[in-house]
Amino acid sequence: MRIVLLGPPGAGKGTQAEALIKKLFIPHISTGDMFRAAIKAATPLGLEAKEYMDMGLLVPDDVTIRIIRDRISQKDCQEGFILDGFPRTKAQAESFQAMLADRNEALSAVLNIVVPLDKLMVRLTGRRCCKKCGSIFHLLYNPPKEPETCDACGGELFQRKDDSEETVSRRLKVYEEETFPLIEFYKAKGLLRDIDGDQPISRVMVALGRSLGQDWS
Ligand code: AP5
Ligand code: MG
Ligand code: ZN
């Protein structure tokens, strides 16, 4: 299965992808996570990406398209993948279609997680992530048992640098301008499925399953 998770910053793409991989046994590919790993490793890619990410802007298309082309060519993607955060511009979506066509592959579905814009700021400023395993928490909506400690691995929790109010505002604006038009792009291809993301995390998961013809209730 080749799935794209679409949705604004804070929609729950990463949260749901973590759960989906346990059901579908295909890799979760997040361009944001790949860039953050590159920043941590201080690679040239990381240095370039950091400039954009810290400002809440998109990393240039050519860089982003290249890392996805490399990633989906790896062996663990033969049976499919869950893309989270890619594509997010028209140019990325078009390149991705061409990439899949070259490989004689097709997308199974684009799952658009819909959350009202006014809920996203609270979701993002209250987010905490694990330094060690990447698990995602929320101070109010999905709190860890111990503050500042990951339930899954005991790692230390941190707040993403781009989750400040000012940078979130910029990211939401960039989403509206660059990524929102992809809804129509995929609708026209008959691939888009809207999922109500404004309900408890476990219920969003059930809705995602249903849209893929699975019963996860
Ligand atoms: P990226 O890391 O992809 O960030 P994003 O798209 O802004 O999305 P988020 O990770 O913020 O949100 P999410 O939907 O994953 O939500 P989550 O599950 O964490 O990208 C970061 C940056 O990298 C970009 O700004 C850009 O610079 C660069 N980049 C990445 N991809 C790129 C690309 N393709 N092209 C160019 N540049 C790129 O949930 C959020 C919070 O809400 C959590 O606290 C969670 O616990 C909580 N939550 C989740 N679900 C629910 C629910 N149902 N109810 C209540 N709370 C919930
Ligand atoms: Mg994410
Ligand atoms: Zn952890």
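Which polar backbone atom lies 2.8 Å from an oxygen atom of ligand 1? In this predicted model, the backbone atom belongs to phenylalanine 137. Two further backbone contacts involve ligand 1. A polar backbone atom of glycine 10 is 2.9 Å from an oxygen atom of the ligand, and a nitrogen atom of ligand 1 lies 2.8 Å from a backbone N or O atom of glutamine 199. Ligand 1 on its own exposes 1000 Å², of which 97% is buried by the protein.

The shell around ligand 1 draws two or more residues from each of α1 (13-24), α2 (31-40), α6 (120-125), β6 (136-138) and α9 (201-211). Helix α2 supplies the largest share, with four residues. The shell holds 36 residues, and those that come nearest to the ligand are Thr15, Thr31, Leu57, Arg127 and Arg171. By residue class, the shell comprises 16 nonpolar, twelve polar and eight charged residues.

Strand β6 also takes part in an open sheet of three strands, arranged in the order β6-β5-β7 with antiparallel pairing. Strands β6 and β7 (157-158) form the edges, each pairing on one side only. Between β5 (residues 127-130) and β7, the antiparallel pairing rests on two bridges. One residue pair in this region is cysteine 130 with leucine 157, its bridge partner in β7.

A second set of pairings centres on β4 (109-114). Strand β1 (residues 2-6) runs parallel to β4 and is joined to it by four bridges. Within this pairing, leucine 111 of β4 stands opposite leucine 5. Strand β4 is also joined to β8 (residues 192-196), again in parallel, by five bridges. Here aspartate 196 in β8 is the residue opposite valine 114. Strand β4 is largely enclosed by the rest of the structure, because five of its six residues are buried.

Cysteine pairing was examined next. The count of disulfides is zero. Two cysteines illustrate contrasting surroundings: cysteine 150 has a relative accessible area of 3% and is therefore buried, being under 20%, whereas cysteine 153, with a relative accessible area of 30%, is partly exposed.

Several backbone features stand apart from the general pattern. Most residues other than glycine have a negative phi, and most peptide bonds are trans. The peptide bond from phenylalanine 86 to proline 87 is cis, and its omega is near -5°. Proline 87 is placed in the loop between β3 (81-84) and α5 (90-102).

Positive phi values occur at phenylalanine 25 and asparagine 104. Phenylalanine 25, which is not a glycine, has a phi of about 55°. This residue is part of the loop between α1 and β2 (28-30). Phenylalanine 25 is exposed, because its relative accessible area of 71% is over 50%. For asparagine 104, also a residue other than glycine, phi is near 55°. Asparagine 104 is located in the loop that runs between α5 and β4. With a relative accessible area of 74%, asparagine 104 is likewise exposed.

Alanine 38 was set against asparagine 104 as a reference pair. Alanine 38 is in helix α2, the helix that gives four residues to the shell around ligand 1. At 8% relative accessibility, alanine 38 is buried, in contrast to the exposed asparagine 104. The two residues are 66 residues apart in sequence, and their C-alpha atoms are 30 Å apart in space.

A group of side-chain contacts was found at arginine 71, a residue of helix α4 (residues 61-72). The relative accessibility of arginine 71 is 15%, so the residue counts as buried. Its side chain makes a polar contact of 2.8 Å with the side chain of aspartate 76. A polar contact of 3.1 Å joins the arginine 71 side chain to that of glutamine 74.

Definitions and conventions:
Residues are numbered from 1 along each chain as its sequence is written. Chains are lettered from A and ligands numbered from 1 in the order in which they are written. This is a predicted model: local features need pLDDT of at least 70, side-chain atom pairs count only at pLDDT 80 or more; totals for chains, interfaces and linings use all residues. Side-chain values use heavy atoms; hydrogens and water are left out. A residue is near a molecule or strand if one of its heavy atoms lies within 4 Å of it. A polar contact is a pair of N or O atoms within 3.5 Å; within protein, one must be able to donate a hydrogen and the other to accept it, and residues adjacent in sequence count only if both atoms are side-chain atoms. Accessible areas come from the Shrake-Rupley method with a 1.4 Å probe; for residues, only the protein chains shown count as cover. Ala, Val, Leu, Ile, Met, Phe, Trp, Tyr, Cys and Pro count as nonpolar, Asp, Glu, Lys and Arg as charged, and the others, Gly among them, as polar. A disulfide is a pair of cysteine sulfur atoms within 2.5 Å. Buried means under 20% relative accessible area, exposed over 50%, partly exposed in between (1.4 Å probe, protein chains only). Two strands pair if DSSP finds at least two bridges between them.
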